[in-house]
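Colleague: Could you take me through the charged side chains in this one, close up? I'd like to know who pairs with whom, and what the pairs hold on to.

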Amino acid sequence: MNNLISVITPAEKNENYINIALDSLRRQTYTNFEVLILHSDIDSLKKVIDEIYINDDRYKFIQTPSEVNVGTVRNIGIDEANGEYIYFLDSDDYISENMLQLLSDNIGEFPMIRGRMKSTDFSSSSVIILPGTNKIKMFSNRRYNLIRNNSAINFLISKKTIENMNLRFSEEFKTYSDLTFMLPLLEEIEIVPYVYESIYFRRRRNDPINHPSLRQSSVYQLAHDLFGIYNKLRTDEISEEAQRFLDNMLLNFYRKRLVIEFKDESAIDQYFDGLVESINKIDPERLENKDLILKNDVKAIRSNKKDAFRKLSNFHHLLRDIKRGLASKKGRKEFLYKRVFKNMGFRDNLVVFESFQGKSYSDSPKYIYQYMLENRKDFKFVWVMNNDQKLPGKPETVKRFSLKYYYYLARAKYIVSNVRMPNSFIKREGQIFLQTWHGTPLKRLAGDMADVHMPGTNSARYKRNFNRETDKWDYLIAPNQYSSDIFRRAFWFNNTMLQTGYPRNDILTNHNEAETIKKLKRKVYLPTNKKVILYAPTWRDDEYYKVGKYRFDITLDLHRLKEKFGDEYIILLRMHYVVASNMDLTDLEGFAYDVSGYSDISELYLMSDILITDYSSVFFDYANLKRPILFYTYDIEKYQGQLRGFYIDMEKELPGPLLMTNDDVVDAIENIDEVSEKYKDRYETFHDRFCSWDDGRSSEKVVEAVFEK
């Protein structure tokens with residue numbers, strides 16, 4: 001077959017990805033195609049489209065009305081298409097280079113054919129077809145399985161068939177609109193070839209909060225549209241296979257999405273009427289092999305008695321919680337937390353403090369606590385500490401995820417933390433959450449990250465969970481205006497921003513004197529007659545052992561530094577709190593000290609004469625001391641380009657040099673006075689921008705703003 005194929009590609013809100021989709025078309029081995037690119041503002045779109053497509057007559061730009069649903073846009077594309085066949089490609093996806101060739105080679109006399117789909121987080125993928133491996137499968141009785149994703153994409157369809165059947169996408173509904181096109185088509189066509197090796201790469205959208213795909217629409221939107229489409233299509237005239245497909249689609253949506261929504265019983269009100277109308281159309285036989293809970297839910301919905309269903313739903317959620325609670329020790333604790341402790345009254349004067357997931361007594365929570373210990377004696381305090389440690393003021397200490405942890409988490413009016421809480425944490429109405437956070441951001445955060453490269457998650461899941469977390473924050477501390485602006489955007493934060501500076505930096509202003517520094521050195525048995533270099537690198541998102549356990553390979557040549565500077569300096573090695581690597585310091589005794597377990601990095605700052613770091617935010621705080629900072633950034637191209645990206649221009653704005661090799665580091669330390677003089681003006685500008693809020697009174701300001709007298 002060498003017929004013209006019309007590829008219909010709606011491009012609205014996918015401007016960041018459109019060139020990748022078009023590039024996958026340009027690379028097709030089958031070249032007899034036209035591409036209809038549909039958008040409401042063609043002039044703006046062409047500003048981001050690569051010139052090669054603008055100058056290629058096969059790529060046609062079609063103006064569409066603004067603020068219309070994708071079904072309307074696809075219908076316009078069908079009307080404008082000149083090809084004998086239609087193919088739908090979403091503009092945030094892309095296809096293998098043999099896609100159109102394989103579909104056209106194998107469609108034969110069939111009016112439609114389908115290729116395989118793969119989900120991906122990446123912008124490019126390769127497909128290798130070995131001789132004799134091209135597989136063709138025929139779908140007949142199970143052809144409705146081909147639209148389990150409720151989508152028309154990756155079908156090559158005869159335009160004559162579309163016109164003869166007058167097939168249209170629903171223009172009324174934002175989601176599920178493909179079903180009004182595909183279900184009648186599958187009713188008419190009883191056999192559909194399937195080409196296993198022609199692969200459509202469907203991108204998982206990486207920003208479900210700011211730029212969600214249709215599949216990431218709100219549950220309310222999805223439910224509204226599903227009820228509407230279901231009620232329109234679910235008639236006695238369609239086949240048994242089509243009825244079964246629609247019934248199961250509705251039941252699965254109820255089980256996987258609405259049941260979760262109904263954990264909050266008030267949500268039942270906005271869905272119940274639509275549920276009643278739709279559920280009453282389901283064939284009772286569809287429930288024969290379903291579990292008893294689902295059967296009872298459906299029966300209650302059909303009765304159209306909302307209060308009875310509400311009680312039943314609450315009871316079923318209790319049963320599910322009991323089942324999960326019986327499954328594990330942690331589950332039993334979470335059951336008691338959710339069902340017992342959370343129903344107890346608040347203790348209005350109780351504060352729970354947690355720093356770095358209970359790993360240390362440190363950071364801003366420590367300094368807020370110490371201020372309250374002296375100035376708010378009417379409060380009671382609980383510290384989350386995974387290891388036994390005596391703390392000043394003798395607060396109650398609990399281990400993270402212990403039964404006492406959940407008890408106090410439920411009953412405390414105030415929660416203070418510097419990192420994210422576990423997903424099991426449910427913020428009670430009236431509970432106050434103070435999030436101190438733990439650094440001025442250099443690396444892109446949460447909502448500002450294009451892609452997430454971390455174990456156990458993907459971009460969409462990471463951002464969705466992070467957004468649920470930040471919704472719980474009542475107060476967020478900002479150390480400077482730069483951070484305040486970023487936090488608002490990247491954390492989707494709409495509550496009270498405390499523009500106070502970091503409490504953890506109070507010590508840098510109030511105790512930066514020789515006697516305090518000597519005492520701190522003696523406390524950890526460091527020599528007081530040598531200068532101190534602090535090496536504090538960050539972690540790499542893509543270097544890990546498992547979820548939450550990252551590795552870090554030290555490329556700094558410690559033996560060379562000892563040989564060169566051992567008579568004058570010692571070096572303190574402080575890894576990020578998520579790094580689980582152990583360091584081999586053989587033959588470095590008396591020069592290199594692993595202080596990763598030292599809880600208070602602010603005290604390490606005071607002890608240090610030079611800081612060496614990379615992309616860690618530690619240098620923002622250290623700059624309060626106006627001491628030399630060196631940046632050992634041996635992998636800056638990878639870190640900036642592939643992993644996170646930076647908010648500031650490191651080459652132009654940092655208060656110290658970027659060093660790529662060990663030779664550079666040695667030279668900088670050897671000539672540290674010259675380095676300091678060279679970066680003096682930039683350091684002053686940097687200090688004014690990032691450290692001006694740290695006046696030694698941050699703890700006081702935070703306590704006055706958050707805690708009732």
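Modeller: Sure, starting with a term: "buried" here means under 20% relative accessible area, "exposed" means over 50%, and "partly exposed" is in between, with a 1.4 Å probe and protein chains only. By that cut-off, 56% of the protein's 709 residues are buried. This is a predicted model, so local features need pLDDT of at least 70 and side-chain atom pairs count only at pLDDT 80 or more, while totals for chains, interfaces and linings use all residues. Numbering runs from 1 along each chain as its sequence is written, and side-chain values use heavy atoms, leaving out hydrogens and water.

Now the pairs. I call it a salt bridge when a side-chain nitrogen of Lys or Arg is within 4 Å of a carboxyl oxygen of Asp or Glu, and the count comes to 36. Take arginine 74 and aspartate 178, which meet at 2.7 Å, N to O. Arginine 74 is in helix H4 (residues 70–80) and aspartate 178 in the loop between H6 (159–165) and H7, so this pair ties together parts 104 residues apart in sequence. Both partners are buried. Helices (H or I, at least four residues) and strands (E, at least two) are DSSP runs, by the way, numbered from the N terminus.

H7 itself (residues 179–188) is mostly covered, with seven of its 10 residues buried; among them are Leu179, Phe181 and Met182.

Next up, glutamate 354 bridges to arginine 400, with the closest N and O atoms 3.1 Å apart. Here strand S10 (residues 347–354) holds the glutamate and the loop between S12 (396–398) and H15 holds the arginine, so parts 46 residues apart in sequence get tied together. Glutamate 354 and arginine 400 are buried too.

Lysine 701 and aspartate 695 also pair up, at 2.8 Å, N to O. Lysine 701 is partly exposed at 27% relative accessible area, and aspartate 695 is partly exposed at 34%. There's a network of salt bridges as well, linking Arg234, Glu240, Arg244, Asp247, Asp283 and Arg286.

Then there's arginine 202, in strand S9 (residues 192–203). Arginine 202 is buried but has no salt bridge: aspartate 93, the nearest side chain of opposite charge, is 4.5 Å away. For charge, Lys and Arg count as positive and Asp and Glu as negative, with His and the chain ends not counted. Leaving aside residues up to four places away in sequence, arginine 202 touches Asp93, Lys118, Asn149 and Arg215, among others, contact being heavy atoms within 4.5 Å.
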